[in-house]
Amino acid sequence: MDDAQPQMTWRRANDGAEVTLIMETSAGVCIRHIPDALPLPPDTDPGKGAELATHAAAATWGLPDFVFHPSMAEKGSGRRELGDRVVLTGRRGLIVQVKCRTVAPKSDEAERAWINKVVGKGMRQAKGTVRTLNLAAAQMVNGRDRTLSVAGDAFEWAVVLVLDHPRVPDATVPDWEPIGIPAITLTRRDWDFRFDQLRSTTAVVDYLFRAAAEPKGALGEEPLRYYELAAADAEAEPAVIDTDLVGQGGWQWSAPLLPQAPAGAEGTRAHLMTRIMLEDIATSPLPSSGTEQDRHVLLSDLDRLPVSARTEWGELLLDMLGDVQDVAQGSTKWRFRRMLDPDGTQQLITGCCTRSDGITREAFRSYIQLRHHEVSERTGLTDAATLGVLLTPRTSGSREWDTTCLRICGPSDLDDDELERYRGLWNRAPAPETRL
């Protein structure tokens, strides 16, 4: 596809199990097959099955650490369920309400009335969940059975109502009273499409916040909106940023927020590198001083890596892993890639090193501390964060590398002596091999 605004049409299979989106551009015709939603679990009540399938899509194509089971809160003499599912990444959260049509559809008019009824109810329930979380934090369990404390005022919230319906009438645009929170209604196929297309929970959450600010669309036609926004992204002029914020040699990289090709469509291992690093962080034991809240922050920061950059980033990491092993005995080689968000608040550093031991881990710490200090000094921000991820090759066992993480947030605490030493180590012309 080129960058021109495509003309789009739908073609539906006779059984409704698959939709084909045809995009006509000046470069030709592009076809995107959109399968039906994941099947419901067998031997499960349809309503509960729809919730489980919605969870499975987000946990499989996104990350299970970001998807939370419903929690219970006391309300008067009873108990209240806080959402059918909650999705949390960074400082954004989704209250997900799942509604399922469990009887045979009736007339189009009757089905539209039923849809509006359950959508209105679900929106009110979600608003109540946010209100309850604002009053008191809840203990929520994520897809890896880990518990986090979730306080409502720590997140910016949006509501997503996911509808499982065997036959949504054409051109059905749900209507509901505004609830004071961004809100959107999707079919379960739409929900699955988002996660399958982007393969990043953070990217999906950001998209849904963006789509919720758009005019309401017809149920089942969310891919049309996605590709319209993706085409607009492709045509947009990149913002100009100050590359000097990262120091000498910095360069500007721009890509559409919404890729037109599905994430990882090239089928290479390079695109999987981000998921592998996320899994490494998610499954590694926490240090004695660490908490599950800390792990969630690390995962959220890494998942901010733009979808459009992941394949190129993964290709570089694989090259770096091979390169750092090609050194003389007793020598150590380092390779790094850094990315700074346009607003300067988030810095991601991934690196590879010949070996992992106490010396290299301390050197890695000094590199992250120095780069965090430099960016904080140049931007003047006191609440910026830097995440560093280091990969070191392994020569034994089933794993190909070890993963080390370090995150720094807030003002730098380096003194003058440390700055002088770290600058002497890292801010010099690189040598073919760096001996530590």
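How many residues lie between E7 and E8 in their hairpin, and which glycine in the turn has a positive phi? The first legend takes that up; all the views come from a predicted model.

**View 1. The E7–E8 hairpin, with a glycine in its turn.** Two residues sit between the strands, and glycine 90 in the turn has a positive phi of about 60°. E7 covers residues 85-89, and its partner E8 covers residues 92-100. The two run antiparallel and are joined by five bridges. To find your bearings, look for arginine 85, which stands opposite valine 96 in E8.

**View 2. E7, covered on both faces.** In a regular strand, side chains alternate between the two faces of the sheet. Here Arg85, Val87 and Thr89 take one side, Val86 and Leu88 take the other, and all are buried. That makes five buried residues out of five for this strand. E7 also pairs with E4, antiparallel, over two bridges. In that pairing, valine 67 is found opposite valine 87 in E7.

**View 3. The whole five-stranded sheet.** Reading across, the order is E4-E7-E8-E11-E12, in an open sheet with mixed pairing. E4 and E12 are the edge strands with a single partner each, so one side of each has no neighbour in the sheet. Helix H3 (residues 188-198) packs on this sheet and touches E7, E8, E11 and E12. The direction of H3 makes about 100° with that of E12.

**View 4. E12, an edge strand that is mostly covered.** Which way do the residues of E12 point, and are they buried or exposed? Ala183, Thr185 and Thr187 point one way, Ile184 and Leu186 the other, and all are buried. So although E12 stands at the edge of the sheet with a single partner strand, five of its five residues are buried. That partner is E11 (residues 156-164), which pairs with E12 in the parallel sense over five bridges. Two pairs help you trace the match: valine 159 stands opposite alanine 183, and leucine 163 has threonine 187 as its bridge partner.

**View 5. A salt bridge between two loops, Arg146 to Asp65.** The closest N and O atoms of arginine 146 and aspartate 65 are 3.6 Å apart. Arginine 146 is in the loop between E9 (138-141) and E10 (147-150), while aspartate 65 is in the loop between H1 (46-62) and E4 (67-68). The two residues are 81 residues apart, so this pair links distant parts of the chain. Both ends are covered: arginine 146 is buried at 19% relative accessible area, and aspartate 65 is buried at 2%.

**View 6. From the E9–E10 loop to helix H6, Arg144 to Glu279.** This salt bridge brings N and O atoms to 2.9 Å at the closest. Arginine 144 is in the loop between E9 and E10, glutamate 279 is in H6 (residues 269-283), and the two are 135 residues apart. How covered are they? Arginine 144 is partly exposed at 21% relative accessibility, and glutamate 279 is partly exposed at 22%.

**View 7. Arg295 and Glu292, a salt bridge within helix H7.** The N-to-O distance here is 3.0 Å. Being three residues apart in H7 (residues 292-303), the two are separated by about one helical turn. Arginine 295 counts as buried, with 5% relative accessibility. Zoom out and salt bridges that share partners join Asp65, Arg144, Arg146, Arg275, Glu279, Glu292 and Arg295 into one network. The model has 29 salt bridges in total.

**View 8. Threonine 132 in helix H2.** H2 runs over residues 108-135. A polar atom of the threonine 132 side chain lies 2.9 Å from the backbone oxygen of glycine 128. Beyond its neighbours within four places in sequence, threonine 132 is in contact with Ala73, Arg80 and Leu82. Threonine 132 is buried, at 18% relative accessible area.

**View 9. Helix H5, mostly covered.** H5 (residues 222-235) has 14 residues and reaches 20 Å from its first C-alpha to its last, close to the expected 20 Å. Eleven of its 14 residues are buried, including Tyr226, Tyr227, Leu229 and Asp233.

Key:
Residues are numbered from 1 along each chain as its sequence is written. This is a predicted model: local features need pLDDT of at least 70, side-chain atom pairs count only at pLDDT 80 or more; totals for chains, interfaces and linings use all residues. Side-chain values use heavy atoms; hydrogens and water are left out. Helices (H or I, at least four residues) and strands (E, at least two) are DSSP runs, numbered from the N terminus. The expected span of a helix is 1.5 Å times one less than its number of residues. Buried means under 20% relative accessible area, exposed over 50%, partly exposed in between (1.4 Å probe, protein chains only). A salt bridge is a side-chain nitrogen of Lys or Arg within 4 Å of a carboxyl oxygen of Asp or Glu. Two strands pair if DSSP finds at least two bridges between them. A polar contact is a pair of N or O atoms within 3.5 Å; within protein, one must be able to donate a hydrogen and the other to accept it, and residues adjacent in sequence count only if both atoms are side-chain atoms. Contact means heavy atoms within 4.5 Å. Axes are lines fitted to C-alpha atoms, for helices over the stretch in contact, and angles run from 0 to 180 degrees between N-to-C directions.
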